[in-house]
Amino acid sequence: MDAETLAALWSEAGRQRRTLRQVLLASGAITLYQLALIEAGNVAGLMLGRFRVIDRLRATPRETLYRVQDPSRADARSPGVFLLRHLAEAEMDDPTHPDEFRQRFLAALAATHSNLAGVVEVLELEGRPAVLIEWLTGLFSADWPAHASHPGGGVRLMTMAAEGIAAAGWSHTGDLARY
């Protein structure tokens, strides 16, 4: 952040009688995850390879999911925001897991359908496989309007999900379920 922007934020914080932290979070200029990394002194954690980490969405023993921005893919049409799935370090102990992770997502790379989140790239980050996936927009089901709970809406959603699975060409649904 440049000095001019920081001065403007300080000024705005003073005008609103709020802390700089509150103004930063309210402005949307920074996420709570990014602020926590900065406050912990882990500024390096804001980058993962070439990706700017916006948020850590979920961490499991098998993988960590991040919302990231890829500056190399940002343009006037898109800010270059993606989902990044990064295999956990503990999974590297079993030699089959990293290869299986790579193979499954390389296979998904070829699958294109309007009902599938597109795999953009399979890559290595910090010596572990990772996959870059399209960032989907829309509403979570809990935020849907009441008329979306109509049984016909559910049938249509299930049909679209089945079409997506069929387009992916998986013989059974367990192929990517581990990851």
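In the predicted model, Arg85 has Val131 of strand S6 as its bridge partner. The strands S4 and S6 pair in the antiparallel sense, and this pairing extends over 5 bridges. Both belong to an open sheet of 6 strands, in which the order is S1-S2-S3-S4-S6-S5 and the pairing is antiparallel. The edges of this sheet are formed by S1 and S5, each of which pairs on one side only.

The chain as a whole contains 5 helices and 6 strands, and from the N terminus on its elements follow the sequence α-α-α-β-β-β-β-α-β-β-α. Of the 179 residues in the chain, 32% are buried. The surface that the chain exposes amounts to about 11300 Å², with carbon and sulfur atoms supplying 57% of it. When contacts between residues at least 6 apart in sequence are considered, 42% of them join residues at least 24 apart.

The largest nonpolar core comprises 14 residues, and within it Phe51, Tyr66, Val68, Leu84, Leu125 and Leu132 touch the most other members. Two or more residues of this core are given by each of helix H3 (32–39), strand S2 (51–59), strand S3 (63–69), strand S4 (81–87), strand S5 (119–125) and strand S6 (128–134). Another core, of 9 residues, lies apart from it, and Leu65, Leu83, Leu87 and Val119 are among its members. The surroundings of Leu84 can be described in further detail: if neighbours within four places in sequence are left aside, Leu84 is in contact with Leu48, Phe51, Thr64, Leu65, Tyr66, Val68, Leu125, Ala130, Val131 and Leu132. Val131, listed here as a contact of Leu84, is also the residue of S6 that serves as bridge partner to Arg85.

In the N-terminal part of the chain, helix H2 (residues 20–27) has Leu20, Val23 and Leu24 as its buried residues. These residues lie on the same side of H2, because they cover an arc of only 100 degrees around the axis. The cover over the buried residues of H2 includes helix H1 (3–16). After H2 comes Gly28, for which phi is positive, near 80 degrees.

The loop between S4 and helix H4 (96–109) contains Ala88, a residue that counts as buried because its relative accessibility is 11%, which falls under the 20% limit. With neighbours within four places in sequence again left aside, Ala88 is in contact with Thr60, Pro61, Arg62, Glu63 and Arg128. The C-alpha atoms of Ala88 and Leu65 are separated by 10.0 Å, although the two residues are 23 residues apart along the chain.

Side chains of opposite charge can pair when their charged atoms come close. With a limit of 4 Å between side-chain nitrogen and carboxyl oxygen, the count of salt bridges comes to 13. In one of these, Arg50 is joined to Glu121, and the closest N and O atoms are 2.5 Å apart. This pair links distant parts of the chain, given that Arg50 lies in the loop between strand S1 (47–48) and S2, whereas Glu121 lies in strand S5, 71 residues apart. Arg50 counts as partly exposed, its relative accessibility being 33%.

A salt bridge is also formed by Glu91 and Arg62, with a separation of 3.1 Å between the closest N and O atoms. Because Glu91 is placed in the loop between S4 and H4 and Arg62 in the loop between S2 and S3, the pair ties together parts that are 29 residues apart in sequence. The two partners differ in their exposure, as Glu91 is buried with a relative accessible area of 9%, whereas Arg62 is partly exposed with a relative accessible area of 29%. Arg62 is, in addition, one of the residues in contact with Ala88.

Within helix H4, the side chains of Arg104 and Glu100 meet in a salt bridge at 3.9 Å, N to O. These residues are separated by about one helical turn, because they are 4 residues apart in the helix. At 31% relative accessibility Arg104 counts as partly exposed, whereas Glu100, with a relative accessible area of 18%, is buried. Elsewhere, salt bridges that share partners join Arg50, Asp70, Arg73 and Glu121 into one network.

How values were computed
Residues numbered from 1 in each chain as written. Predicted model: local features only at pLDDT ≥ 70, side-chain atom pairs only at ≥ 80, totals over all residues. Heavy atoms only, no water. Buried < 20%, exposed > 50% of the residue type's maximum accessible area, 1.4 Å probe, protein only. Contact = heavy atoms within 4.5 Å. Areas by Shrake-Rupley, 256 points an atom, 1.4 Å probe, with all protein chains shown as cover. Core = buried A, V, L, I, M, F, W, Y, C linked by side-chain atoms within 4.5 Å. Arc of directions from axis to C-beta. Pairing = 2+ DSSP bridges.
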